[in-house]
Amino acid sequence: GNRIDQLTSLSPLIVGAKSSGSQILLGAEGLEATKYPDLIPWTLFSTIHDQTHGVDFAVPMLYFAKWQGFPVFGTNEDFPRFFSAKQSQAGTSIYQSGHWIENLQTDIVIGAALARKYNLHPGSSLALNAWVPGEQTLPAPIEAHVAGVLTPVSSAYDFALIAPMNMAWR
C-alpha cells in the first residue's frame, strides 16, 4: 500500500524482466534484490533509451555482485541525472564526497549510510563477490575502488553500491 505508492511516485515507469510488478519495483526503487534477477533484452533497453518523447531517463540497473550482503548494480551515465532529479533539494550536489565514476573498470559510488557503517570513503578498496544464477559465487573477487559517496536521501540508496555497466559485463 503506502510503501508501493511512495516508490511509484519516484519513478513513473520501470521496465523489468518477467516478474510481478511489485518485485520489479522493490528491486529497482527499494534496491531489494533478494534473488538473482532475470534480465530484459538489451535491445528493449536501447529502444526505451533512444525514445525522445516522454522518457526523461533510461537508467539500467544490472545486479551483478554483492558486498557484505548488499547487492551491487551496474548502470550508465544517466544515473547521476536521475538521482539528482529525485533529490528534494534542487541544486545541491548529489555527492557527500568524491565524484561520479571515471574508471569504468574499477570505480564505484556508494550510499552515505553504507560509507558510515563500514568507514568507507573515496579511495577505499572493496572486493565484490560476483552474483550469478543459483547463488554460486565465483572464486575471484571483483576489485573496486570508491570514487564517490552519495548525499544521504533517507532511502535504500543510502546503502547502494553503484558500478559502471563495464564492470558488470566482465
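## Exercises on burial, backbone and rings

Serine 154 sits in the loop between β6 (142-150) and β7 (161-164); helices (H or I, at least four residues) and strands (E, at least two) are DSSP runs numbered from the N terminus. The model is predicted, so that local features require pLDDT of at least 70 and side-chain atom pairs pLDDT 80 or more, whereas totals for chains, interfaces and linings use all residues. Residues are numbered from 1 along each chain as its sequence is written, and side-chain values use heavy atoms, without hydrogens and water.

**Exercise 1.** State what is notable about phi of serine 154, and decide whether serine 154 is buried or exposed.

*Solution.*
1. Phi of serine 154 is near 55°, a positive value in a residue that is not glycine.
2. The relative accessible area of serine 154 is 74%, and the residue is therefore exposed. The classes are buried (under 20% relative accessible area), exposed (over 50%) and partly exposed in between, with a 1.4 Å probe and protein chains only.

**Exercise 2.** Describe asparagine 119 by its loop, its phi and its accessibility, and then find which residues serine 124 contacts beyond its neighbours within four places in sequence.

*Solution.*
1. Asparagine 119 belongs to the loop between α5 (112-118) and β5 (125-130).
2. Although asparagine 119 is not a glycine, its phi is positive, at about 55°.
3. With a relative accessible area of 62%, asparagine 119 is exposed.
4. Serine 124 also lies in the loop between α5 and β5, but at 10% relative accessibility serine 124 is buried.
5. Outside its neighbours within four places in sequence, serine 124 is in contact (heavy atoms within 4.5 Å) with Asn119, Ala144, His145 and Val146.

**Exercise 3.** Determine how many aromatic pairs the whole structure holds, and analyse the pair of tyrosine 63 and phenylalanine 73.

*Solution.*
1. The search of the whole structure returns nine aromatic pairs. Rings of Phe, Tyr and Trp (its six-membered ring) pair if their centres lie within 6.5 Å; planes under 30 degrees apart are stacked, over 60 edge-to-face and the rest tilted.
2. Tyrosine 63 and phenylalanine 73 pair edge-to-face, at 5.9 Å centre to centre and with 65° between the planes.
3. Because tyrosine 63 lies in strand β1 (residues 62-67) and phenylalanine 73 in strand β2, the pair ties together parts that are ten residues apart in sequence.
4. Tyrosine 63 is buried at a relative accessible area of 6%, and phenylalanine 73 is buried at 1% relative accessibility.

**Exercise 4.** Classify the pair of phenylalanine 79 and tryptophan 100, and name the residues that ring pairs link into a cluster.

*Solution.*
1. Phenylalanine 79 and tryptophan 100 are stacked, at 6.0 Å centre to centre and with 20° between the planes.
2. This pair links distant parts of the chain, 21 residues apart: phenylalanine 79 is in helix α4, and tryptophan 100 is in the loop between β3 (95-98) and β4 (107-110).
3. Both phenylalanine 79 and tryptophan 100 are buried.
4. The cluster linked by ring pairs consists of Tyr63, Phe73, Phe79, Phe83, Trp100 and Tyr157.

**Exercise 5.** Place these details in the whole protein by giving its secondary structure, its buried share and its share of contacts between residues at least 24 apart.

*Solution.*
1. The protein has six helices and seven strands, and from the N terminus its elements run α-α-α-β-β-α-β-β-α-β-β-β-α.
2. Of its 170 residues, 42% are buried.
3. Taking contacts between residues at least 6 apart in sequence, 66% join residues at least 24 apart.
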